[in-house]
Amino acid sequence: MATLAASSALSPAKGKSTKNADSKASATTAPAKKKVGGFGRAINVAGIALFTRQLSTLVNAGMPIVRSLETLAKQEKNLRFKAVLESIADSINSGGNFSDGLMQHPKLFDRLYVNMIKAGEAGGVLGTVLDRLAKFMEKAQKVKGKVKSAMTYPVIIGCVAVGIVSILMVFVIPKFEDVFKTMMNGKALPWLTQVVVNISHFMQEQILVCIGIAVAIFFGFRMFVATAIGTKILHWLQIKAPAIGPLFLKAAIGRFTRTFGTLMASGVPILQAITITRDTSGNVHIANALQLVHDRVKEGDNVAKPLEATKVFPSMVSSMIEVGEETGALPDMLSRIADTYDEEVDNAVSSLTSIIEPIMIVIMAVMAGTIVIALFLPIIAIMQDMGKGGG
């Protein structure tokens with residue numbers, strides 16, 4: 001079994017959890033939370049997805065939830081996550097629900113996860129919900145990985161290009177400059193060569209300033225996007241910027257429809273499902289649009305009309321949702337929309353990669369070519385002088 005890592009942010013805590021009033025007639029007090037210790041890397045979403053898939057397999061095979069958790073805990077090599085699983089199992093053994101145990105670890109199991117488990121427990125279909133939740137997380141990770149890979153390629157190429165140019169400027173250009181000064185007998189360097197030499201001097205003499213500027217830009221950007229206005233601007237660019245905007249928007253629509261559909265199919269009430277989807281959207285503009293939908297649905301409207309009125313989602317999405325509402329098959333329709341947009345994300349990633357690759361190659365060629373030309377111009381001038389002298 002693959003090792004699941006636990007969250008480094010977990011801290012020992014004590015408290016009491018009460019049983020869900022919808023599941024039991026009277027509240028039952030669970031024991032204090034078990035101290036979570038041990039070492040290990042922070043568990044990521046992929047690790048939680050793997051755990052959910054393993055738990056789903058055991059529960060659907062007929063194994064009780066407590067025994068399933070204890071089995072996974074015994075095989076878990078990461079001590080921190082092992083303690084988490086044992087804590088959840090102890091909570092259930094003491095009279096709590098599975099969802100009660102999950103709520104004790106909010107940094108590992110978010111609202112979407114907990115509410116789907118609650119719905120599964122209430123409907124007596126925990127195994128089905130676990131399977132649905134595992135599929136949801138696996139597909140979400142797949143799409144996220146594709147978008148991340150599309151963004152990683154240009155970043156890596158850009159860093160390599162900057163590294164190569166920096167090495168040339170700091171270590172190679174000065175060597176050639178000394179040679180040129182000796183062979184050109186005090187003559188002025190060609191203008192392009194002089195520009196490159198001046199940049200080289202600046203990078204050598206002001207290297208700390210260059211590093212300081214780069215660090216200041218990096219942390220300044222992070223501080224800016226942490227503000228409300230910075231977050232709004234960044235999220236607006238994510239869905240509106242040329243080239244990458246359509247990719248992020250399609251990924252966001254796919255995540256919204258899959259999350260919303262999975263919650264509804266699991267039995268979560270529609271208003272609660274919209275709220276959870278809003279909180280997990282990852283984009284403030286989409287979250288604001290879903291808040292508007294929530295308010296309109298609360299007043300008795302359907303989902304499709306207010307969704308179209310937000311102008312954030314394409315009309316095709318609202319039209320398909322309207323058909324789903326009219327036919328009473330909204331969860332299935334949402335799942336189909338998600339599959340469609342996941343496929344469009346695949347195509348968009350392929351198209352974006354095919355566009356970025358030649359652009360980055362051209363940029364690197366221009367940068368390297370400019371330096372090479374700048375170095376050859378004095379050599380040509382020297383050869384011409386030598387030819388004149390020989391004639």
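Student: Where in the chain does Asn283 lie?

Tutor: This is a predicted model, and in it Asn283 lies in the loop between α11, which covers residues 270–279, and α12, which covers residues 284–298.

Student: Is Asn283 buried or exposed, and with which residues is Asn283 in contact, once its neighbours in sequence are left aside?

Tutor: Burial is read from relative accessibility, and because a residue under 20% counts as buried, Asn283 with its 5% falls into that class. Leaving aside neighbours within four places in sequence, Asn283 is in contact with His235, Gln238 and Ile239. One of these partners can be described at the level of atoms, since the backbone oxygen of His235 lies 3.1 Å from a polar atom of the Asn283 side chain.

Student: Which residues of helix α9 are buried, and what do they pack against?

Tutor: The general idea comes from helix geometry: an α-helix has 3.6 residues a turn, so residues three or four places apart point the same way. In α9, which runs over residues 228–240, the buried residues are Gly230, His235 and Ile239. Seen down the axis of α9, these buried residues fall within an arc of 155 degrees, so they line one face of the helix. They pack against α8 (207–225), α10 and α12. The helix has 13 residues, and from its first C-alpha to its last it reaches 18 Å, close to the 18 Å expected at 1.5 Å a residue.

Student: How exposed is Ile233 of that helix, and how far is its C-alpha atom from that of Val284?

Tutor: Ile233, which also lies in α9, has a relative accessibility of 39% and therefore counts as partly exposed. Its C-alpha atom is separated by 9.7 Å from that of Val284, although the two residues are 51 residues apart along the chain.

Student: How many helices and strands does the chain hold, and what share of its residues counts as buried?

Tutor: The chain has 15 helices and 0 strands, and 38% of its 391 residues count as buried. To see how parts distant in sequence meet, one can take the contacts between residues at least 6 apart in sequence, and of these 65% join residues at least 24 apart.

Student: How should I read a pair of aromatic rings, and how is the pair of Phe256 and Phe313 arranged?

Tutor: A pair of aromatic rings is described by the distance of the centres and the angle of the planes. The structure holds 7 aromatic pairs. In the pair of Phe256 and Phe313 the ring centres are 5.0 Å apart and the planes are at 40 degrees, so the pair is tilted. Because Phe256 lies in helix α10 (residues 244–265) and Phe313 in the loop between α13 (304–309) and α14, the pair ties together parts that are 57 residues apart in sequence. Both Phe256 and Phe313 are buried. Elsewhere, ring pairs link Phe51, Phe81, Phe109 and Tyr113 into a cluster.

Student: Which residues have the most contacts inside the largest nonpolar core?

Tutor: That core has 60 residues, and those with the most contacts inside it are Leu69, Phe98 and Phe109. Beyond its neighbours within four places in sequence, Phe98 is in contact with several residues, including Leu55, Ile65, Leu69, Ile88 and Ile117. Apart from this core lies another, of 14 residues, among them Leu192, Val196, Met203 and Ile382.

Student: Which residues of helix α14 are buried, and which are exposed on the other side?

Tutor: Val317, Ser318, Ile321 and Gly324 are the buried residues of α14. Seen down the helix axis they fall within an arc of 120 degrees, so they line one face of α14. On the other side, Glu326 and Thr327 are exposed. Just after the helix, Gly328 takes a positive phi of about 75 degrees.

Student: Which residue has a positive phi although it is not a glycine?

Tutor: That residue is Lys311, with a phi of about 65 degrees, and it lies in the loop between α13 and α14. With a relative accessibility of 68%, Lys311 counts as exposed.

Definitions and conventions: Residues numbered from 1 in each chain as written. Predicted model: local features only at pLDDT ≥ 70, side-chain atom pairs only at ≥ 80, totals over all residues. Heavy atoms only, no water. Buried < 20%, exposed > 50% of the residue type's maximum accessible area, 1.4 Å probe, protein only. Helix = DSSP H or I, 4+ residues; strand = E, 2+ residues; numbered from the N terminus. Arc of directions from axis to C-beta. Phe/Tyr/Trp six-rings, centres within 6.5 Å; stacked < 30°, edge-to-face > 60°. Core = buried A, V, L, I, M, F, W, Y, C linked by side-chain atoms within 4.5 Å. Contact = heavy atoms within 4.5 Å. Polar contact = N/O pair within 3.5 Å; in protein donor to acceptor, adjacent residues only side chain to side chain. Expected span 1.5 Å × (residues − 1).
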